[in-house]
Amino acid sequence: MVIVHYQELHRSDPYVPIMDRKQGFDIELMSSTSKVEHELWPLDGIDSKNSKFPCCLVWTPLPVVSWLAPFIGHVGICREDGAVLDFSVSNFVNVDGFAFGAAARYVQLDREKCCFPPNMSGHTCKQGYQHSEYGTAITWDDALRSSARNFEHKSYNLFTCNSHSFVANCLNRLSYDGSMDWNMITVVALVIIKGHWVNNMSIIRSFLPSTVVLCLGLVSVGWPLLVGLFSFSILLMGWFLLGTYCFKTLLER
């Protein structure tokens with residue numbers, strides 16, 4: 001009986017002792033784990049002079065639109081090397097050339113809050129199946145590339161499919177912060193609440209045009225202009241809120 005038991009244990013390879021197999025398995029496991037951890041290499045620092053914002057969301061004001069509603073702008077998301085990706089025209093994702101000017105605000109994101117599953121059982125987020133169906137990635141840059149390929153087949157529209165849609169798609173693919181409910185509204189909220197100004201000039205560049213428009217309008221038109229601008233902002237916010245939470249297929253994300 002002892003001999004049979006010994007042979008069964010060694011049936012796969014009678015010349016390799018069990019302890020050697022276990023050691024080999026441990027080494028292989030450590031190697032694969034190290035490979036996954038190696039993907040999260042240290043990032044370079046933020047270099048605003050050269051427009052490098054590793055793993056950041058970046059924001060800049062839009063011409064005309066931001067003059068009337070300063071909270072509206074254009075957003076992009078950056079690769080691990082700091083290059084910006086943004087969706088500003090149909091069927092094209094711009095790389096390392098942020099549309100509408102230099103970044104004025106940024107939010108640096110934590111890759112540790114992303115889900116990079118090697119397989120179905122490797123999800124760190126709570127919605128493993130949904131994440132797999134939506135589209136997963138093994139690295140930060142891999143997620144951005146997948147979203148970019150997806151948006152190369154979409155038409156740009158300020159009201160239904162814009163730069164915020166692209167960023168939300170990237171965050172959902174990353175399952176950032178354990179969530180797959182990122183949309184235009186939550187992206188705007190993230191920038192407003194956690195965003196940092198690049199420098200004092202970026203603040204002036206963001207608010208000076210709207211201040212000039214407001215002052216000139218009050219002098220030439222009067223209070224009706226203020227009512228008109230307020231109504232425009234309310235209608236704009238109402239559109240995105242309704243499109244995001246009431247008619248969920250209306251806006252892209």
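These questions and answers go through a predicted model, from the whole chain down to one histidine.

Colleague: How many helices and strands does the protein chain have?
Modeller: The model is predicted. Buried residues make up 39% of its 253 residues. The secondary structure of the protein chain comes to 9 helices and 6 strands.

Colleague: What share of the contacts with a separation of 6 or more joins residues 24 or more positions apart?
Modeller: The count leaves out pairs with a separation below 6. Of the contacts that remain in the protein chain, residues 24 or more positions apart account for 63%.

Colleague: Which strands are the edges of the sheet?
Modeller: The sheet is open, with 6 strands and antiparallel pairing. Its order is β4-β3-β2-β1-β5-β6. An edge strand pairs on one side only, and that holds for β4 (92-95) and β6 (196-197).

Colleague: Which residue of β2 stands opposite L57?
Modeller: Strand β1 covers residues 56-61 and strand β2 covers residues 73-78. They pair in the antiparallel sense over 5 bridges. Opposite L57, in β2, stands I77.

Colleague: What angle does α7 make with β5?
Modeller: Helix α7 (residues 184-194) packs on the sheet. It touches β1, β2, β5 (105-108) and β6. The direction of α7 makes with that of β5 an angle of about 100°.

Colleague: How far apart are the end C-alpha atoms of α6?
Modeller: Helix α6 has 12 residues, 163-174. At 1.5 Å a residue, they should span 16 Å. The model agrees, as the end C-alpha atoms are apart by 17 Å.

Colleague: Is α6 largely enclosed or largely open?
Modeller: Buried means under 20% relative accessible area. In α6, 12 of the 12 residues meet that, among them S163, F166 and R173. With 12 of 12 buried, the rest of the structure leaves α6 largely enclosed.

Colleague: Which residue caps the N-terminal end of α6?
Modeller: Look for a side-chain oxygen by the backbone nitrogen of H164. One lies 2.9 Å away. The residue that supplies this oxygen, and so the cap, is N162.

Colleague: Is H74 buried or exposed?
Modeller: H74 lies in strand β2. Beyond its neighbours within four places in sequence, its contacts include W59, F87, F98 and S163. Its relative accessible area is 1%, under the 20% cut-off, so H74 is buried.

Colleague: Which side chain makes a polar contact of 2.8 Å with that of H74?
Modeller: The H74 side chain has a polar contact of 3.4 Å with the side chain of S163. S163 belongs to α6. The contact of 2.8 Å is with the side chain of D86.

How values were computed. Residues numbered from 1 in each chain as written. Predicted model: local features only at pLDDT ≥ 70, side-chain atom pairs only at ≥ 80, totals over all residues. Heavy atoms only, no water. Helix = DSSP H or I, 4+ residues; strand = E, 2+ residues; numbered from the N terminus. Expected span 1.5 Å × (residues − 1). Buried < 20%, exposed > 50% of the residue type's maximum accessible area, 1.4 Å probe, protein only. Polar contact = N/O pair within 3.5 Å; in protein donor to acceptor, adjacent residues only side chain to side chain. Pairing = 2+ DSSP bridges. Contact = heavy atoms within 4.5 Å. Axes fitted to C-alpha atoms, helices over the stretch in contact; angles between N-to-C directions.
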